[in-house]
Amino acid sequence: MSDLVTYTSDGELAVITINNPPVNALSPAVPEGIAASIERANADPSINGIVLIGGGRTFIAGADIKEFGKVVAGEKEEGSLLPLLLALEDSAKPVVAALHGSAFGGGLEIAMACHYRVADKGAQVGQPEVKLGIIPGAAGTQRLPRLAGVEKAVEMCVSGAPVKAAEALAAGIVDQLITGDLLAGALAFLREKIAAGATPPKTRERHDKLGDEATNAAIFAAAREKAKKTARGLHAPFAAIDAVEAATKLPFDEGCQRERELFRQCLFSDQAKALMHVFFAEREVAKIPGLSPEAKPVAIQQAAIIGAGTMGGGIAMNFANAGVPVLLKETTQEALDRGLATITKNYANTVKKGRLGEEAMQQRLALITPTLSYDGFENADVIIEAVFENMALKKDIFTELDNRAKAGALLASNTSSLNLDEIAATTSRPASVIGLHFFSPANVMRLLEIVRGKATSDETIVSAFALAKLMKKVGVLVGNCHGFVGNRMFFQYMREAYFLVEEGAAVEAVDKALTNFGMAMGLLAVDDMAGIDVGVKVRQENAKNEPAGRRQPLVADKLYALGRYGQKTGAGWYKYDENRRAIPDAEVAALIEQTATEAGIQRREISAEEIVERCVYALINEGAKILEEGFALRAGDIDIVYLNGYGFAAWRGGPMWYADTVGVKNVYDRVCEFHAEHGAWWEPAPLLKRLAETGGTFAAWDKAKTE
Ligand code: T1G
């Protein structure tokens, strides 16, 4: 018996406990340990029934995702859980799965092969495989409809969303909720079943919930229609529907075979590799090598923000949402009122959508205290400056904070482009100064760039990561270069879109190429949303740091001069109707043509493929420079920045993962062609060159760094 699975007994009942922290994943030896325990219980005449339970904080949370990487890489054969599932289901003695924490993926599939399932009230069940680009591969799509019905099974397998215990009980996935000690409850439940002489039900033999053909056809058609909208570009959700459909049309064993075919098609796909990369990269970002193990986070009981504009107001909502009281300071009552009105409107919208109760909204609003003074700032554990991008003003604020803030308080700037070290140097405590770069809308976007200054202490960094977790954001540590990581890459990315429209690509063609690639929005639509006026100011600021003589975009400045700032003025790259729907504008097309002619730019047909290459490879090339210069810890961190802050498609893995998928050498060769054709902006990054020449990948580069 492996110590990953222990076998004990409670009188006439066997208890099988899985102990594979942190989440009882089905790592090698766990399925074998369970099977051996089932066999042992069935061979023991003194045993009448079996409870299967997870040790630690959860039941089995699924297959060990790390193992899939080895299977996909051909390093090991993919094991099958099917024999174990049959051993459970065909056990002569009744088996009860006792669920707590997250019974996900293979964990739920194992539970469904048991005869009964009881759950702690706080438990959740789910088949989240689609989030990894795969589908349930251990008969989950075959047993779930037999327990919960076809519609529920399709919903769970396509969305991957967790289902709370009470809902699982109502759906028929769970037989009883347990209050108090889960094991005691499971043992009592099993004794009742045995005493009642109940025949242990085999899920695979249950057909009463598989519905009828006509009803099911409507369910599958609706699910496919919905997936076309919500899962644009993804394969797994459609494969999940096919697999559940097979459960309604084929005998169980054939249905399992069909599921297996579909599972393996997904498992070896680029999308699954990318999404599994994202799963681990998103957890890796919080691991900062070299930090002192003694560094402990500051407890955040009180916060304070300077600036109640779009960003300051959004940041205040993050604290209120986390239950942390927050002071929100402005310089005039009018600005303060405007800020509070925006916050209230945002909450009211959420209430209207049914995602927040009225009372919860009031509780959160009550946590935000507007103020025109610094009174109370001395009690704050974290103070965030979120005023407009003016260095002199920020320095004044940090000087004031330095005089007022208590020792150990985090002093953060939300600056998106100014030099954090310069800000920190105005204080007597640069070790406590850090950048917390939120992304607009700050109460929605998950990304938080945590900007490390030269003097920033380990305590300040771990405190910033703890704050990110408290706010349910993804914190990524970035260095203090101009634009940090996300925007520094974005400047290159946006520049290429500007050049492409000057060289002949229609505005809507650039955006369509990028959305077809998987981006949430096209770049010119993004420009219209963020404001062309904002872009002009940023480019003017950037020009101070850029080598002279480089080709600069021409059209955006002309749109700015015409007062076409984008959505906010009803017209920018596009014109907008009363519902803010973007409409291609012939005036802009004419302006572009005229500008290109005046600049002597030879216009031409430009393929969607080139549009994607010019924009995405610009990201990759800049990302490689950032890695080499040490302003990002890992290529995976850059991917997480782009997935959570810039709408890059998760099923592409992020720009650096995408470079590995395309082939680093292919990207490098194309960058060299662009360099020859378009000049200095395309100077190949040395790291990109090195990886191309040595057959390296960004993933391997990351791995080498962490070994
Ligand atoms: N495999 C390997 N490692 C895993 C893992 C898994 N399934 N789940 C979590 N971890 C690691 C994670 O990387 C982190 O490691 C630590 O555990 C804590 O995770 C056969 C084919 C269960 C809700 O998709 O949803 O079953 O960073 O930070 O916030 O048909 O983990 O500490 O080194 O997320 O408390 C299906 C994925 C697999 C579940 C807990 N199952 N996991 O959340 O902790 S495919 C899943 C989660 C499958 C079957 C199919 C969450 C959680 P480290 P954490 P958490």
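**Exercise 1. Work out whether A139 is buried or exposed, and what stands out in its backbone.**

Start with accessibility: A139 has a relative accessible area of 1%, so A139 counts as buried. The cut-offs are under 20% relative accessible area for buried, over 50% for exposed and partly exposed in between, using a 1.4 Å probe and protein chains only. Next, place A139: the loop between β7 (124-126) and α5 (140-148) holds this residue. Helices (H or I, at least four residues) and strands (E, at least two) are DSSP runs, numbered from the N terminus. Last, check the backbone: the phi of A139 is positive, about 70°, although A139 is not a glycine.

A quick word on the model before going on. It is predicted, so local features need pLDDT of at least 70 and side-chain atom pairs count only at pLDDT 80 or more, while totals for chains, interfaces and linings use all residues. Residues are numbered from 1 along each chain as its sequence is written, and side-chain values use heavy atoms, with hydrogens and water left out.

**Exercise 2. Run the same check on K472: where is K472, and is it buried or exposed?**

K472 sits in the loop between α18 (458-470) and β17 (474-479). Its relative accessible area is 68%, so K472 is exposed. K472 isn't a glycine either, yet has a positive phi of about 55°.

**Exercise 3. Find which residues a cis peptide bond joins.**

One such bond links P21 and P22, with omega about 10°. P22 belongs to the loop between β2 and α1. Another cis bond links S440 and P441, with omega about -5°. For P441, look in the loop between β15 (433-438) and β16 (447-452).

**Exercise 4. Describe how the protein surrounds the ligand.**

Begin with the shell: 27 residues lie around the ligand, and R57, A63, E109, G137 and R283 come nearest. A residue is near if one of its heavy atoms lies within 4 Å. Then go to the backbone. A backbone N or O atom of A61 is 2.9 Å from a ligand nitrogen, and a backbone N or O atom of I65 is also 2.9 Å from a ligand nitrogen. For G106, a backbone N or O atom lies 2.9 Å from a ligand oxygen. As for elements, α2 (65-72), β5 (102-104), α4 (106-113) and α12 (270-284) each give two or more residues to the shell.

**Exercise 5. Say what the side chain of R634 contacts, and whether R634 is buried or exposed.**

R634 is in the loop between α25 and α26 (635-645). With 5% relative accessible area, R634 is buried. Its side chain makes a polar contact with the side chain of D637 at 2.6 Å. A polar contact is a pair of N or O atoms within 3.5 Å; within protein, one must be able to donate a hydrogen and the other to accept it, and residues adjacent in sequence count only if both atoms are side-chain atoms. In addition, a polar side-chain atom of R634 lies 2.9 Å from the backbone oxygen of K287.

**Exercise 6. Explain why helix α27 (residues 655-662) is largely enclosed.**

Count the buried residues: six of the eight in α27 are buried, so the rest of the structure largely encloses this helix. They are P655, M656, W657, Y658, A659 and D660. Right after α27 comes G663, with a positive phi near 110°.
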